[in-house]
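Reader: Please pick one part of this model and take me through it closely. I would like to follow each step of the reasoning.

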Amino acid sequence: MTTANPLPKLPDIDDVEPASDTDQQCIDEVRAVLSRHGALQRFGLTLLHEHFDVADDEILVEEIDVENRTLTSRPQKVTDVGNSVATAWRLDEPTDIGRCITRCARKHADFRGRGGVHVRSHNREK
């Protein structure tokens, strides 16, 4: 995983306006593009925000406790992230598919990072 130039800082969750009816036209257009590409069951949307600063050489690691249905995020060095699959990308500046903001850890995948068993941690890049 390479470290690219930092993306612009996201607003704090307390400063983010929730999605509203004024966003509906944009959401409808994104849905139409995904539909044209047969990707409605593959991609979705997320409200971009931050809860605290994460260093440029860190990502947020989400650890899941399935039994207790809890999710915990904590910063971790990018170099410590193992086998994973990109799951979310910011689109606020031109980037390629290699520049994501969220990664989901995998265990026992092939050399391309495909397959394997989903493990109890997710990774979110800053």
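**A close look at K77 and the salt bridges**

Author: Start with K77. Its relative accessibility is 36%, so it counts as partly exposed. The reasoning needs two cut-offs: buried means under 20%, exposed means over 50%, and partly exposed is what lies in between. Keep in mind that the model is predicted.

Where is K77? It sits in strand β2. What does it touch, once its neighbours within four places in sequence are left aside? The contacts are D57 and E58. Take D57. Along the sequence, D57 and K77 are 20 residues apart. In space, their C-alpha atoms are 5.8 Å apart.

Now look at the side chains. K77 and D57 form a salt bridge, and the closest N and O atoms are 2.8 Å apart. D57 belongs to the loop between α1 and β1, while K77 belongs to β2 (residues 70-77), so the bridge ties together parts that are 20 residues apart in sequence. D57 has a relative accessibility of 37%, which means that it too falls in the partly exposed class. In general, side chains of opposite charge can pair when their charged atoms come close.

P75 gives a second view of this region. This residue also has its place in strand β2. At 35% relative accessibility, P75 is partly exposed. Beyond its neighbours within four places in sequence, P75 is in contact with F52, E58, I59 and L60. E58 is familiar, since K77 is in contact with E58 as well. I59 deserves a second look. P75 and I59 are 16 residues apart along the chain, and 5.5 Å separates their C-alpha atoms.

Go back along the chain to the loop between β1 and β2. R69 is found there. At a relative accessible area of 77%, R69 is exposed. Its backbone deserves a note: R69 is not a glycine, yet its phi is positive, about 55°. Most residues other than glycine have a negative phi. G38 also has a positive phi, of about 60°, and sits just after α1.

What about the other salt bridges? The whole structure holds four of them. One of these joins the side chains of E50 and K9, with 2.8 Å from N to O. E50 lies in the loop between α1 (24-36) and β1 (58-65), K9 lies in the segment before α1, and the two are 41 residues apart. So here the bridge links distant parts of the chain.

Are the two partners buried or exposed? E50, at 5% relative accessibility, is buried. K9, at 55%, is exposed. The E50 and K9 side chains also count as a polar contact, at 2.8 Å.

K9 has another partner. Its side chain meets that of D53 in a salt bridge, at 2.5 Å from N to O. This pair also links distant parts of the chain: D53 is in the loop between α1 and β1, K9 is in the segment before α1, and their positions lie 44 residues apart in the count along the sequence. D53 and K9 are both exposed.

Put these bridges next to the first one. K77, with 36% relative accessibility, is partly exposed, and its bridge partner is D57. K9, E50 and D53 are joined into one network by salt bridges that share partners.

Last, the setting. The chain has one helix and five strands. From the N terminus they run α-β-β-β-β-β. The helix α1 has 13 residues. It reaches 18 Å from its first C-alpha to its last, close to the 18 Å expected at 1.5 Å a residue. The chain has 126 residues, and 25% of them count as buried. E50 is in the buried class, at 5%. The accessible surface comes to about 9300 Å², and carbon and sulfur atoms hold 51% of it. Take the contacts between residues at least 6 apart in sequence: 45% of these join residues at least 24 apart.

Notes: Residues are numbered from 1 along each chain as its sequence is written. This is a predicted model: local features need pLDDT of at least 70, side-chain atom pairs count only at pLDDT 80 or more; totals for chains, interfaces and linings use all residues. Side-chain values use heavy atoms; hydrogens and water are left out. Helices (H or I, at least four residues) and strands (E, at least two) are DSSP runs, numbered from the N terminus. Buried means under 20% relative accessible area, exposed over 50%, partly exposed in between (1.4 Å probe, protein chains only). Contact means heavy atoms within 4.5 Å. Accessible areas come from the Shrake-Rupley method with a 1.4 Å probe; for residues, only the protein chains shown count as cover. A salt bridge is a side-chain nitrogen of Lys or Arg within 4 Å of a carboxyl oxygen of Asp or Glu. The expected span of a helix is 1.5 Å times one less than its number of residues. A polar contact is a pair of N or O atoms within 3.5 Å; within protein, one must be able to donate a hydrogen and the other to accept it, and residues adjacent in sequence count only if both atoms are side-chain atoms.
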